[in-house]
Amino acid sequence: MSATESRPTAETAEGPATPATSQATKETLEDYTLRYAPRSYRRWTPMVVATTALGGIAYMADFSIGAGIGLAHGTGNALVAIAVAAVVIFVTGFPLAYYGARYNIDLDLITRGSGFGYYGSVLTSVIFASFTFIFFALEGSIMAQGLRLGLGLPLWIGYLVSTLMVIPLVIYGMKALSKLQVWTTPVWLVLMVGPLVYLIATDPGTVDRFLSYAGTDGDGDVNTASVLLGAGVCLSLIAQIGEQIDYLRFMPPKTEANKARWWTAVVMAGPGWVVLGALKQAIGVFLAVYILASVGPSVAPEPIQQFKGAFDAMLPSWLVVPLAVVLVVISQIKINVTNAYSGSLAWTNSFTRLTGRYPGRMVFVLVNLGFALALMEADMFSFLNGILGFYSNCAIAWVVTVATDIGVNKYLLKLSPHAPEFRRGMLYAVNPVGVVSFVAASGLSIAMYFHAFGDTLQPYSPVAAAVLAFALTPLTAVATRGRYYLRRTDDGIPEPLLDADGNPSGTAYDCHVCHQAYERPDVTACATHGAVVCSLCLSTDRVGDHVLPVSGELLA
């Protein structure tokens, strides 16, 4: 689902775009990456979209995350923690996935109109960009461990190799990678599930040892503190819904004829990703316990060691290490191209809005990879749970805030506009509903995580982030009476945004700045030229020459 788009040039009131700027806008490898995905482009069936989206979650971090929780807190606490986190991720991811698929926009554009405002959502773009380089570093560390085992490379060289090899793939390889994900997924599933089935079938005692493992920090009993600490680590993956929506926004319009398939695809590829994720985490616990006696607790969380130990029991010795290395390396390449790509888009989106300039996405590919490499060289894998536990507070606060705005403020209180808005000029710069809720929820939960309110409350920081975001979002909307969602209610174009079926209109309009055609949801009237301007040209209008003035009836 990838192709090269001819990106509009950034001509503004200050003059036409330079050749360098024009070239930068053509670097984009995915179509419509910073804007609405038009109906004319969305030709895939719901199941094709779902299959492609699910093909991108074949990463190995889940095995490490599950193993780390299980080794620390015991199998019982780990399994409950994984289940609790999965339920939260599924429930909060559902409204986000629905909006991405229904209105064909990514999570940043959803966030703008769901409580944060045009510039306010820059906060959450940085959160998502952080998610991508943290998990790039985690996946890169896992690849480096595989290269050390298979080729004898020192870890620091492996970190560098795992970073540099992604750059050409990000530039040229998205089409090939999408195909790779599809045809390798069945093989990957067999390699993942096969060892588990074999070990259980040939040695049923492994199940008893797995279930009875008490962990290093406890006596094996399930307790609230251990469950919540483990769930907090798992919940760092809550931001994965953003990468799922990057695919779901290409869903075809929902109609009476396809609604069953449409809903199935949205649930499977949206919040449903966490089902496979939770399964991988549980397998990570199982494999870590299985190999613990032979390798020790320091390396048991490493997926390369887990699968080497499992393959040892079922394959010839000469095949064990090569197969384990191939599995790990392919998985890391697949996910880290996506991480590098998605992170660069998040940084580019933020930079473009704040400065009015689109410098070319490759600048931020290098920025994102630089952050990831620094984390790897700092040996983030050794303090993985600490990083993820801290990060999860921010991610939870963001996702719960947006999900609550959609579910409560839009549908129950009807204070938030039902259809999402993302265009400059239509939104206020900052909406206190999302910004206040997010900052308060993440700030207080982070303070709790760092023991500001005592050791007893520290494990409850992810709960605090979720509860505060869920409570403050509607309270702030009621307090502000929904006044700061829309700067305007009229975008100057008579045709409605949505058609009779509630889908975004497919009527095309020519942007007078970049001279390309865009569909109705992506354009507004121009303030000064009596014509139409597209959303990206509005974003790069540094003097505001095209931006509509404040007018229209505000929501009461």
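The axes of helix α6 and helix α15 (residues 303-312) come within 8 Å of each other and cross at roughly 50°. The two helices are therefore oblique to each other. On the α6 side, the residues that meet α15 are Ile142, Gln145, Gly146 and Leu149; their partners in α15 are Pro303, Ile304, Gln305 and Lys308. Sorted by character, the residues of this contact come out as four nonpolar, three polar and one charged. The model behind all of this is a predicted one.

Gln145 deserves a closer look. This residue of helix α6 is buried, as its relative accessible area is just 4%, under the 20% cut-off. Setting aside neighbours within four places in sequence, Gln145 is in contact with Glu302, Pro303 and Ile304, and also with Leu155 and Phe381.

Now for the other helix pair. Helix α3 (residues 61-73) packs against helix α6 (residues 122-151) at an angle of about 90°, and the axes are 9 Å apart. That angle makes α3 roughly perpendicular to α6. From α3, the contact draws on Ala61, Ser64 and Ile65; from α6, it draws on Phe135, Leu138, Glu139 and Ile142. Here the split is five nonpolar residues, one polar and one charged. Ile142 turns up in the contact with α3 and again in the one with α15.

As for α6 itself, the helix has 30 residues and reaches 42 Å from its first C-alpha to its last, close to the 44 Å expected at 1.5 Å a residue. Of those 30 residues, 24 are buried, so α6 is largely enclosed by the rest of the structure. After the helix comes Gly152, with a positive phi near 75°.

The nonpolar interior tells a related story. The largest nonpolar core has 128 residues, and Leu96, Phe135 and Trp398 are those with the most contacts inside it. Helix α6 supplies the largest share of this core, 14 residues. Phe135, part of the contact with α3, is in contact with Ala61 and Ile65, once neighbours within four places in sequence are left aside. On the same basis, Phe135 also contacts Ser236, Leu237, Asn336, Asn339 and Leu388. There is a second, separate core as well, with 16 residues, among them Tyr358, Ile493, Cys514 and Cys526.

Cys526 also appears in the surroundings of Ala531, which is in contact with His512, Thr524, Ala525 and Cys526 when neighbours within four places in sequence are left aside. Ala531 sits in the loop between β3 (523-525) and β4 (532-534). Its relative accessible area is 25%, so Ala531 is partly exposed. Along the chain, Ala531 and His546 are 15 residues apart, and their C-alpha atoms are separated by 9.5 Å.

Finally, the protein as a whole. There are 21 helices and four strands, and buried residues make up 60% of the 556 residues. Among contacts between residues at least 6 apart in sequence, 80% join residues at least 24 apart.

Key. Residues numbered from 1 in each chain as written. Predicted model: local features only at pLDDT ≥ 70, side-chain atom pairs only at ≥ 80, totals over all residues. Heavy atoms only, no water. Axes fitted to C-alpha atoms, helices over the stretch in contact; angles between N-to-C directions. Parallel < 35°, antiparallel > 145°, perpendicular 65-115°, else oblique. Contact = heavy atoms within 4.5 Å. Nonpolar A, V, L, I, M, F, W, Y, C, P; charged D, E, K, R; others polar. Expected span 1.5 Å × (residues − 1). Buried < 20%, exposed > 50% of the residue type's maximum accessible area, 1.4 Å probe, protein only. Core = buried A, V, L, I, M, F, W, Y, C linked by side-chain atoms within 4.5 Å.
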